[in-house]
Amino acid sequence: MNFKHSLTALAAAISVTAGTASAYSELDANADKFDKTVHSYLQETGEAATVQVINGKALLQGDILVGTEEDVKTFGIEPLVVRKANVSDTPDTYEQDGAFIARSSWGGKTTWPNGIVPYEFAAEYPKHLREKMKTGMKWIEEVANIKFIERTTEKNYIHIFEDGGAYSLLGMTGGRQPLSYTDGYALGTTAHELMHALGFMHEQTRNDRDDYVTIHWNNISDDWKGQYRKLGSYSLKHGSYGYDYHSIMHYGGGRSMSTKDPKFQRVIGQREKLSEGDIKALQSAYGKPEAKVTNTAPSLSLSSSSTSLVAGSNYGLRVRVSDGETQASQLTVTAQSNNQAVLANYDISVKPGRDSNERLVMLQTRQQTSGGKASVSVQVVDGHGYSTKHNFVLSVSPKKVTVTPKPTKPTTTTNVNATRTSSYKSFITESNKNLCLDIKGGSAKASASVVVQPCKTQYSQQWATFSDGTIRPRQTTSLCLDINSKNQNLTQLNKCNGQNSQKWNVNGKFIKNASSNYSVLDVFYSHPYGQGAHVGIWPKHGYNNQQWNLGQEPVQKVSSVADVYKHCGFGGYKVSLKPGRYTLKQLQAKGMKNDDISSLKVSAGYEVVLYQHDQFNGWRKTLNSDTSCFVEYGINDHISSIEVRKK
Ligand SMILES: [Zn+2]
């Protein structure tokens with residue numbers, strides 16, 4: 001049947017049986033294709049029923065294939081029951097006789113196991129119809145866990161062909177089951193017929209339909225009355241949801257049917273899209289769609305076209321990935337430089353971006369760089385193993401940013417013994433709020449590096465600002481946060497000397513060094529996870545590794561007893577002592593042996609004074625909790641008592 005002829009016939013059919021152009025039904029659309037009406041009966045009740053016949057196939061409600069003409073005449077119409085397939089069923093293992101609409105095959109209809117629907121197009125099925133059918137499949141695949149796959153060897157599958165109309169069997173019947181779709185039908189009819197094949201009935205056959213639509217029996221010829229029978233009690237959709245005028249499975253109105261609420265009269269029979277009710281029904285029977293998988297590499301875009309950089313500065317590159325997934329969370333982003341002198345691989349780091357589709361690639365060229373070009377390759381691998389690569393050339397100009405602190409001569413007015421202008425606080429990095437400015441090794445001494453470490457209530461992590469602009473650690477106020485004189489990107493502690501390299505301006509979250517207009521306190525990303533990373537100065541770029549939160553003064557938890565550790569660190573033990581003075585004898589009574597006191601540590605908030613020959617001219621040593629492990633060899637014979645006291 002050619003297209004033009006179909007259209008004409010279709011228009012004629014609608015003009016007779018349907019009142020409005022928007023109302024659509026496959027029953028009406030098939031009307032001119034029916035060869036005859038055949039009388040049959042419902043097996044369940046024995047009730048008389050009529051079916052329409054196209055090419056020897058009996059259709060109920062216009063487009064639901066229920067058997068051959070001979071079958072339905074002889075055996076009646078089987079119950080339109082669709083059960084849910086077992087989870088363990090697969091199209092390959094689900095056993096059916098599978099003969100083409102043989103009576104034995106269309107009992108025991110099910111949903112398609114695991115939502116996998118193998119199909120094949122008839123060899124002569126034209127390309128434009130294949131595209132339309134695939135569109136219908138896509139509508140369904142997008143909203144439910146259903147996959148239409150091209151059949152290879154599967155036993156149970158849909159055979160899509162042109163048989164002079166649009167029809168389908170109900171549910172998976174087993175074997176090769178026919179689905180006909182041809183020219184002259186709505187695009188949405190593809191989804192409509194596929195939904196029949198998935199097990200769904202017409203909406204207007206629900207048992208409760210008389211509350212929502214009126215069937216005008218007087219306008220329906222006797223031969224057609226059977227097509228408006230209520231048969232919906234078994235349907236996958238019916239009963240679970242409210243009546244759905246918008247369903248793609250609803251027939252259109254007209255002389256034969258009208259909605260109780262007139263505003264829905266033009267809604268019923270839509271074939272534009274799946275309704276929300278259709279989607280719920282599909283999901284109820286088959287589950288929600290799995291995360292969409294693209295079978296292509298993710299597409300990658302870089303935020304900035306600027307690829308020139310001045311030596312000594314750094315650069316943040318936003319990498320956005322679209323992967324056909326709304327959330328491309330499983331991304332591995334790596335970047336490499338081909339010229340380590342210009343840009344070393346360890347100076348490239350990848351940080352989280354603003355959302356799961358974005359990463360920030362940080363490039364930091366070292367100040368010592370003499371300039372040159374490096375080809376940088378950014379590679380992204382998505383959660384499905386697909387990868388994509390983007391290369392760009394980074395030009396680094398040798399012109400140096402003036403970050404070199406120009407030491408100024410100490411002036412006589414510099415108050416090295418300045419007064420404290422803040423309480424002691426932790427400096428928490430914005431890039432990782434679990435990390436605090438700390439002294440490498442934990443003890444304040446000249447030239448000790450400054451790093452970030454997990455925040456603890458340790459004095460080595462407590463800093464205060466002073467009236468001369470210095471930042472000094474709680475452990476000792478004779479040392480100041482300073483710029484490393486050898487590597488001027490790094491910081492360290494040095495004896496306070498009043499120079500600009502020790503002067504800091506805390507402005508909001510940025511801590512700027514007085515010796516440079518550009519440089520602010522910065523966590524270097526050279527160390528995994530930032531823990532232990534060096535803290536240096538770097539031109540201000542605004543990322544969160546340059547931002548600091550001046551935390552509250554940590555509360556020292558002081559217990560009522562001091563835990564004094566002996567042999568801290570290697571197989572020692574601890575004794576818990578209330579504040580007081582203890583002779584060796586008393587200590588022995590508490591479990592401390594006097595023969596091998598070589599190292600001691602005391603818990604936070606306490607200090608311990610070791611007295612040697614305290615009755616005579618012995619020495620004393622004070623240990624406090626800041627001393628992580630006091631070690632003194634050769635004192636074991638000489639300790640005469642220990643005093644524990646709160647600080
Ligand atoms: Zn239908």
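This dialogue walks through several features of a predicted model.

Student: Before looking at details, how many helices and strands are there in the chain, and what percentage of its residues count as buried?

Tutor: A plain inventory is a sensible start, and here the chain has eight helices and 41 strands. Of its 647 residues, 52% count as buried, while the accessible surface comes to about 29,000 Å², with 49% of that area belonging to carbon and sulfur atoms. It also helps to ask how far apart in sequence the touching residues are: among contacts with a separation of 6 or more, 65% are between residues 24 or more positions apart.

Student: Which residues are the protein donors of the zinc ion, and how are they spaced in sequence?

Tutor: To read a metal site, list the donor atoms and their distances, and then look at where the residues fall along the chain. The zinc ion has as its protein donors two entries for Asp 63 (OD), together with the NE2 atoms of His 192, His 196 and His 202, at 1.9 to 2.3 Å from the ion. In sequence the donor residues follow the pattern D-x128-H-x3-H-x5-H. Of these donors, His 196 and His 202 are both buried.

Student: Where does UniProt place the feature "active site", and is that residue buried or exposed?

Tutor: An annotation of this kind is best kept apart from what the coordinates give, and then compared with them. The unreviewed UniProt entry places "active site" at Glu 193, and in the model this residue is found in helix 5, which covers residues 188–198. Glu 193 counts as buried because its relative accessibility is 0%, where the cut-off for buried is under 20%. Leaving out residues up to four places away in sequence, Glu 193 touches Glu 26, Asp 63, Ala 166, Tyr 167, Ser 168, Leu 179 and Ser 180. One of these contacts, Asp 63, also appears among the zinc donors.

Student: How should I read a nonpolar core, and which residues touch the most other members of the largest one?

Tutor: The general idea is that in soluble globular proteins nonpolar side chains tend to be buried together. In this model the largest nonpolar core holds 59 residues, and those that touch the most other members are Ile 140, Leu 198 and Leu 282. Two or more residues come from each of helix 2 (26–30), strand 7, helix 4 (127–143), strand 9 (157–161), helix 5, strand 12 (213–215) and helix 7 (276–286), and helix 4 gives the largest share, six residues. For a closer view, take Leu 282: beyond its neighbours within four places in sequence, its contacts include Ile 140, Val 143, Met 195, Leu 198 and Phe 200. Another core, of 21 residues, lies apart from this one and has Leu 437, Ile 471, Ala 533 and Ile 537 among its members.

Student: How many disulfides are there, and which cysteine is joined to Cys 436?

Tutor: For each disulfide, check the sulfur distance, the torsion about the S-S bond, and the places in the chain that are linked. The count comes to two disulfides, and in one of them Cys 436 is joined to Cys 455 with an S to S distance of 2.0 Å. This link is right-handed, with 100° about the S-S bond. Cys 436 sits in strand 23 (residues 435–439), whereas Cys 455, 19 residues apart from it, is in the loop between strand 24 (450–454) and strand 25 (463–465). Cys 436 is buried at 2% relative accessibility, but Cys 455 is partly exposed at 33%.

Student: What is the sulfur distance in the disulfide of Cys 480 and Cys 496, and are these residues buried or exposed?

Tutor: The sulfur atoms of Cys 480 and Cys 496 are 2.0 Å apart, and their torsion of about 100° is why the disulfide is called right-handed. Cys 480 belongs to strand 27 (residues 479–483), and Cys 496 to the loop between strand 28 (491–495) and strand 29 (504–507), 16 residues apart. Cys 480 is buried at 0% relative accessibility, and Cys 496 also counts as buried, at 10%.

Student: Where does Asn 55 lie, and what is notable about its phi?

Tutor: A backbone angle is best read together with its setting. Asn 55 has a positive phi, near 45°, though it is a residue other than glycine, and it lies in the loop between strand 2 (48–54) and strand 3 (57–60). At 46% relative accessibility, Asn 55 is partly exposed. Asn 114, likewise not a glycine, has a positive phi of about 60° and is placed in the loop between strand 6 (109–110) and strand 7 (116–121), where its 41% relative accessibility makes it partly exposed.

Definitions and conventions:
Residues numbered from 1 in each chain as written. Predicted model: local features only at pLDDT ≥ 70, side-chain atom pairs only at ≥ 80, totals over all residues. Heavy atoms only, no water. Donors = N, O, S within 2.8 Å, 3.2 Å for Na, K, Ca; no water. Buried < 20%, exposed > 50% of the residue type's maximum accessible area, 1.4 Å probe, protein only. Helix = DSSP H or I, 4+ residues; strand = E, 2+ residues; numbered from the N terminus. UniProt positions renumbered as here; feature names shortened; annotations may be inferred. Contact = heavy atoms within 4.5 Å. Core = buried A, V, L, I, M, F, W, Y, C linked by side-chain atoms within 4.5 Å. Disulfide = S-S within 2.5 Å. Areas by Shrake-Rupley, 256 points an atom, 1.4 Å probe, with all protein chains shown as cover.
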